[in-house]
Amino acid sequence: MDADFRLSAEDIADLAEPDLADNTITNRESTIRAFMTWCATQDPPRLPYPCTTATYTSYGLHLIRRGKAGEFKPDSVGQYMSRIWNWQPVDLRPDPSRFKGRLRAWKKDWVKAGGEVDRAAAATIEYTVRILDSIDESTNIGKRDAFLVVLAYANLHRESELADQLNKRLRIYDTGIHVTTATSKTDQAGKGSGRFINDRADLQLVRRARAWFAVLRELGADGPDQPTFRALTVKGGLRSYPPDRKRGTRMRPGSLNERLQLLAEQAGVPYIDGKKVTSNSWRAGANTDMAEKGVPLAERNRAGRWADGSHTADTVYDRRHGVGTRDPLSAVPLYGGPARAAVAEARSPFEEQSRGSTSAH
């Protein structure tokens, strides 16, 4: 029957709702507009949707050439092309293999030439506490900011997870807080991930959580389905939004990133080890601190909601400051024991040189 092949008006309206985060949609639309403009300016013009493998490959090579001229980095070009590929109709997607081969070759040459992927600084515990100390927690804004910082660190949050957090997913106990992260980058199906975080004297999770939730109650914003982090006016009231705003009363992930960067700047640490502090800095900082103390990768994957078996926590989010404390050679005992080492250290360079000359004859 015809009805078996039709969608209702209500179904069509539901399908029109975005299924990606706002910032992801913005980035994708920007990338697609650039691709469509390029297609339109070719002679003859090319079809962007659905595009052929030749068109996809040609545009990828075009971006690589721009990258070699200094406009893009390899990872950026890879992200752009991935967005375009995902945008294409599922059954008509182009073959990306030839483009990916050239991208890998360029990235290899780029690294050899001294190229380095930009990574956010790691806001480890000492920097996190320093930033907390600079916050005026007597104000509504300060109470929000302090809880934002400690939760970002303690639960290794992505900015989008913080922006989408709801009051009902945070339970406060005397000994710590239980946090449920409903969706994440590695949990697009929304199965959710819950974790209890013990209170700590340096982070004071419980005190800061209770202080911020008390503000939310005073502002009438403590409903279970309301967002945990709210934009505030200078005087500490709730900022109003248009009724048709897509995100409702939730803050934009980008706004939280900007706020965290401002807090780091106010504390005098906008950069750490030459790297810029961003919202990802607390995710990297907590993972780095745990790795420094020998927490196994599997446990860090669970804490940071990385996929089981992923090595991202070690290869991307482990950003030690200075020399760190993890030289595996330190596990090898001194040959001959401490006494022999002390004798060898006490020998003068002249004695060592003489011993070498004697043995040569």
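The following exchange asks how several descriptions of this predicted model are justified.

Me: How do you know that the structure holds zero disulfides?

Reply: The sulfur of Cys-39 has its closest cysteine sulfur in Cys-51, at 6.9 Å, and a disulfide needs the two sulfur atoms within 2.5 Å. The pair is therefore too far apart for a bond, and Cys-51 is in no disulfide, the nearest cysteine sulfur being that of Cys-39.

Me: Why are Cys-39 and Cys-51 called buried?

Reply: Buried means a relative accessible area under 20%. Cys-39 has a value of 0% and Cys-51 a value of 5%, so both count as buried.

Me: What makes the peptide bonds before Pro-44 and Pro-50 worth a remark?

Reply: Most peptide bonds are trans. The bond from Asp-43 to Pro-44, however, is cis, with omega near 0°, and the bond from Tyr-49 to Pro-50 is also cis, with omega near -10°. Pro-44 is found in the loop between helix H2 (22-41) and helix H3 (53-68), and Pro-50 lies in the loop between H2 and H3 as well.

Me: How do you know that the length of H3 agrees with what is expected of it?

Reply: At 1.5 Å a residue, the 16 residues of H3 should span 22 Å, and the end C-alpha atoms of H3 are 22 Å apart, so the two values agree. The buried residues of H3 include Thr-55, Tyr-56, His-62, Leu-63 and Ile-64. Just after H3, Gly-70 takes a positive phi of about 105°.

Me: What is noted about the phi of Gln-204 and of Asp-273?

Reply: Most residues other than glycine have a negative phi. Gln-204 is not a glycine, yet its phi is positive, at about 50°, and Asp-273, also a residue other than glycine, has a positive phi near 55°. Gln-204 is found in the loop between strand S3 (193-198) and helix H9 (205-218), whereas Asp-273 lies in the loop between strand S4 (271-272) and strand S5 (275-276).

Me: Why are Gln-204 and Asp-273 called partly exposed?

Reply: That term covers the range between the limit for buried, under 20%, and the limit for exposed, over 50%. The relative accessible area of Gln-204 is 28% and that of Asp-273 is 47%, so both residues are partly exposed.

Me: What makes S1 and S2, and likewise S2 and S3, count as paired strands?

Reply: Two strands pair if there are at least two bridges between them. Strand S1 (residues 170-172) and S2 have three bridges in the antiparallel sense, and six bridges join S2 to S3, which also run antiparallel, so both counts satisfy the criterion. A hairpin joins S1 to S2 through three residues. Val-179 in S2 is the bridge partner of Leu-170, and Val-179 stands opposite Arg-195 in S3.

Me: Why is strand S2 described as mostly covered?

Reply: Of the six residues of S2 (residues 176-181), five are buried, that is, under 20% relative accessible area.

Me: Which elements and residues line the second largest pocket?

Reply: This pocket, with a volume of about 290 Å³, is lined by 13 residues, and Tyr-153, Ala-154, Arg-195, Arg-200 and Met-290 lie nearest its centre. Helix H7 (140-154), S3 and helix H11 (280-292) each give two or more residues to the lining, and the largest share, four residues, comes from S3. The lining divides into nine nonpolar, one polar and three charged residues.

Conventions:
Residues are numbered from 1 along each chain as its sequence is written. This is a predicted model: local features need pLDDT of at least 70, side-chain atom pairs count only at pLDDT 80 or more; totals for chains, interfaces and linings use all residues. Side-chain values use heavy atoms; hydrogens and water are left out. Buried means under 20% relative accessible area, exposed over 50%, partly exposed in between (1.4 Å probe, protein chains only). The expected span of a helix is 1.5 Å times one less than its number of residues. On a 1 Å grid over the protein atoms alone, a cavity is a set of points where a 1.4 Å probe fits but cannot get out, and a pocket is an open set with protein on both sides within 12 Å along at least five of seven lines; lining residues have an atom within 4 Å of a point. Grid points are joined across faces, edges and corners, and a volume is the space filled by probe spheres set on the points. Ala, Val, Leu, Ile, Met, Phe, Trp, Tyr, Cys and Pro count as nonpolar, Asp, Glu, Lys and Arg as charged, and the others, Gly among them, as polar.
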